[in-house]
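Reader: Please take a close look at one part of this model, the place where the two chains meet. I would like one connected account rather than a list.

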Amino acid sequence: MSVNLIGLATGIIFGALLQRCRVIRYEKQLDVLLFKDWTVLKFMLSAICVGMVGIYLLKDAGIAKLALKPAILGGVIFGGLVFGAGWALIGYCPATSMAALGEGRIDAFWGIAGMVLGAGIFAHAYPLVKKMLLSWGDLGKLTLPQVMHVNHWLVIAALLAGLWLLKRAADRSGN
Amino acid sequence: MAEDKKAMNPYLGGALAGLLAVASVWLTGKFFGASTTFVRAAGFIEKNFYPKAVAGMEYYIKEAPVVDWQWMFVTGVLLGSLAAALLTGTFKFQAVPDKWRERFGACPVKRGLAAFCGGVIAMFGARLADGCPSGHGLSGMMQLSLSSLIALFCFFLGGIVVSRMLYGGRRLI
């Protein structure tokens, strides 16, 4: 099977999981931002927990390589805040907008059209953006274990423990 | 709600998504992501109107308009959701989400405009941050990436502020 076909199959399974967990609903996306419903956060954190263990097992076995994005502070901080602002308005993120359209949410179509336009505007603004924002605070491609100078399994263990405590607190409070 | 009983536990669904992400990296070396595909889509559209200019644009050279793994992945997300919705009887045409309607009314144009503008802003930000909740939030966090932790924090911070402006005490729009 070609890489592209595997990509399609992976997307189909991922889209089905997003739909079955209802994390693609406008209500779920807004309510996590409004601290009213933790479904989206539960899905994300659970995926991260399983994923980080698996990815680092593959990396230690020499099977997989990391694909890190550089920590350019000007880009991730401003870009992150701008993305968040737009996310609250559209109520879907890039992947979930596609899934939302798949389950019949017409408003996601307008969101997707907007996102294509936004990507085009960025492509035109790129030379300027690169000079102004993407030149500030480039720390390089770093991982948390590298920043903290500790073994990656220590960071993973700490994160798993922290998230387990968070889950217990959430269960107790009835969320 | 009858539909709620059929929904999957988000911890289970998330764990399965995590396994899927690991399998993807194992089989193809590809990490989940979505927002780069929107750049390629914009490039495809612009190429129709002025191919020469697009061929010379730095960002379209970096993220060339071609169908790649991620393009197929994003297409798959739509198809997978469609299939799951049809199979479980949860497919529903809806132009205005319930929560939006309660707050801002049933006008589909108003909602469509907000979604469109939100989309423009969100994607500009995602490209500036070099990732979205898939690329940074899931894939980057799984790699314990510093940039992704900062980006994810900022995604939520920006989202929390604007969602409160929208759904806080006073109505702004």
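**Where chain A meets chain B**

Author: This is a predicted model, and chain A has an average pLDDT of 95, with 100% of its residues scoring at least 70. Within chain A, the mean is highest in helix H1 (residues 3–20), at 98, and lowest in helix H8 (residues 152–172), at 92.

The contact between the chains involves 105 residues of chain A and 109 residues of chain B. On the chain A side, the elements that each give two or more residues are H1, H2 (26–33), H3 (39–60), H4 (73–90), H5 (94–102), H6 (106–132), H7 (144–148) and H8. The biggest share comes from H6(A), which supplies 19 residues. By class, the side of chain A that touches chain B consists of 72 nonpolar, 24 polar and nine charged residues.

One residue of chain A can be followed across to the partner chain. Once neighbours within four places in sequence are set aside, Ala119(A) has contacts with Phe38(B), Val39(B), Ala42(B), Met123(B) and Arg127(B). Ala119(A) also belongs to the largest nonpolar core, a set of 110 residues, where Ile48(A), Ala119(A) and Ala21(B) are the residues with the most contacts inside the core.

Ile48(A) leads to a helix pair. H3(A) packs against helix H9 (residues 133–142) of chain B, with the axes 7 Å apart and at an angle of about 35 degrees. From H3(A), the residues making this contact are Met44(A), Ala47(A), Ile48(A), Gly51(A), Met52(A) and Ile55(A), and from H9(B) they are Gly137(B), Leu138(B), Met141(B) and Met142(B). Sorted by class, these residues are eight nonpolar and two polar, with no charged residue in the contact. Ile48(A) therefore appears twice in this account, as a residue with many partners in the core and as part of the contact of H3(A) with H9(B).The partner, chain B, is built from ten helices and zero strands, in the order α-α-α-α-α-α-α-α-α-α along the sequence. Its C-alpha trace spans about 50 × 40 × 35 Å along the principal axes. Of the 173 residues in chain B, 53% are buried. Among contacts in chain B with a separation of 6 or more, 49% are between residues 24 or more positions apart.

Definitions and conventions. Residues numbered from 1 in each chain as written. Chains lettered and ligands numbered in written order. Predicted model: local features only at pLDDT ≥ 70, side-chain atom pairs only at ≥ 80, totals over all residues. Core = buried A, V, L, I, M, F, W, Y, C linked by C-beta atoms within 7 Å. Buried ≥ 20, exposed ≤ 12 C-beta atoms within 10 Å, placed from the backbone. Contact = placed C-beta atoms within 7 Å. pLDDT = per-residue confidence, 0-100. Helix = DSSP H or I, 4+ residues; strand = E, 2+ residues; numbered from the N terminus. Nonpolar A, V, L, I, M, F, W, Y, C, P; charged D, E, K, R; others polar. Axes fitted to C-alpha atoms, helices over the stretch in contact; angles between N-to-C directions.
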